[in-house]
Amino acid sequence: MMEVEQFSRARYSCMQKLSFGMGHIYNDLCAAVWFSYTLFYLQVVLQVESSTAGTLIMLGQVVDAVATPIVGWAIDKTGVLKVWHFAGTTAVGVGFSLIFSIVPNTNSWWSILWYSGLIILFQVGWATVQISHLAIIPCISQDHTHSADLTTIRYAASVCCGITVYLITWMVLKTTQYVDKFGPDDFYKFREIAFILSFIGIFSSLLFYCGLHAVNYRYENLSESNGLLRPQSSLLKTSIIYQVSLL
């Protein structure tokens, strides 16, 4: 009987880890596209001026930097991480898909405002998914070893997402042999890439929600016996935090 119980617990732990790993795949897929192909897409396909394209990319990073601590504070105050994760995934799905699927009729200030709004929505959603997903680790971790396993799975999934984006992009764009041949006519190819990645990301998120449906996500119900939760004042006195920030 004890062996059956141990096997059931190990199986549940394994399923829990795999489900957790699915929760950040959409973010990782979008991030791989954002940092590798968005600037090229704006300049070459949409014919946006270099300075404007760079400003839009910088806007996204500024919004992400501002939204991350605000979202973290809001999650700490409200809890219910699964709801925050779902809201962030929805924002990412809408913002990311529309950036690569709809082109304004004119290349004017209205189009810049259009893309600025979508980028803000996308980056706020991205930060929400990232913070809520990280915050789930102490909620489901049994000890530090379990926490390390979850973090390892998370970053392994990130690497796999980068490779996946490269392969999908190569398969969709391989019909164009030379970089100087790319232009506005290739818009539909980037739209296909965005839709394929969105399908993979949304499907992975559904697996994440289904696999962790039995976990309680409210902070007030967390037990401090696992040693993973510390007071904020204690964390601020930890030197490793400041060492990592300098890397």
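This is a short walk through one predicted protein model, from the whole chain down to a few single residues.

Okay, housekeeping before anything else. The model is predicted, so local features need pLDDT of at least 70, side-chain atom pairs count only at pLDDT 80 or more, and totals for chains, interfaces and linings use all residues. Residues are numbered from 1 along each chain as its sequence is written, and side-chain values use heavy atoms, with hydrogens and water left out.

Right, the overall picture. The protein chain has nine helices and zero strands; those come from DSSP runs, H or I over at least four residues for a helix and E over at least two for a strand, numbered from the N terminus. Read along the sequence, the pattern is α-α-α-α-α-α-α-α-α.

How much of the chain is buried? Of its 247 residues, 43% are, where buried is under 20% relative accessible area, exposed is over 50%, and partly exposed is in between, using a 1.4 Å probe and protein chains only. The chain exposes about 14200 Å², and carbon and sulfur atoms supply 67% of that. Those areas are Shrake-Rupley numbers with a 1.4 Å probe, and for residues only the protein chains shown count as cover.

Now contacts, meaning heavy atoms within 4.5 Å. If you take the contacts with a separation of 6 or more, 81% of them are between residues 24 or more positions apart.

On to helix packing. Two packed helices are described by the angle between their axes and the distance between the axes. Axes here are lines fitted to C-alpha atoms, for helices over the stretch in contact, and angles run from 0 to 180 degrees between N-to-C directions.

Take α2, residues 25-45, and α7, residues 187-211: they pack at an angle of about 170 degrees, with axes 10 Å apart. That makes α2 roughly antiparallel to α7; the cut-offs are under 35 degrees for roughly parallel, over 145 for roughly antiparallel, 65 to 115 for roughly perpendicular, and oblique for the rest. By class, this contact has 13 nonpolar, four polar and no charged residues. Nonpolar here is Ala, Val, Leu, Ile, Met, Phe, Trp, Tyr, Cys and Pro, charged is Asp, Glu, Lys and Arg, and the others, Gly among them, are polar. On the α2 side you'll find residues including Tyr26, Leu29, Val33 and Phe40, and on the α7 side, among them, Phe190, Leu197, Ile200 and Gly201.

What about α4, residues 81-99, against α7? Their axes come within 11 Å and cross at roughly 170 degrees. So α4 is roughly antiparallel to α7 as well. The class count for α4 with α7 is five nonpolar, five polar and one charged. Lys82, His85, Phe86, Thr89, Phe96 and Ser97 in α4 meet Ala194, Ser198, Ser205, Phe208 and Tyr209 in α7.

Serine 205 is worth a click. It sits in α7, and at 3% relative accessible area it is buried. Leaving aside neighbours within four places in sequence, serine 205 is in contact with Met22, Tyr26 and Thr89.

Back to α2 for its C-terminal stretch of numbering. Valine 44 is in α2 and is partly exposed, at 22%. Valine 44 and proline 184 are 140 residues apart in sequence, yet their C-alpha atoms are 7.2 Å apart. Not counting neighbours within four places, valine 44 contacts Phe182, Gly183 and Pro184.

Glutamine 43, also found in α2, is partly exposed at 30%. It touches Val48, Ser50 and Ala53, ignoring residues up to four places away, and its C-alpha is 6.5 Å from that of alanine 53, ten residues along the chain. Glutamine 47 has a phi near 60 degrees, a positive value in a residue other than glycine.

Over in α6, residues 144-173, there's histidine 146, which is buried at 5%. Its C-alpha is 9.0 Å from that of serine 13, 133 residues away in sequence. Beyond four places in sequence, histidine 146 touches Ser13, Gln16, Lys17, Ile140 and Ser141.

Last stop, cysteines. How many disulfides does the structure hold? Zero, with a disulfide being a pair of cysteine sulfur atoms within 2.5 Å. For cysteine 30, the closest cysteine sulfur is in cysteine 161, 9.5 Å away, so that is too far for a bond. Cysteine 30 is buried at 0% relative accessibility, and cysteine 139 is buried too, at 13%.
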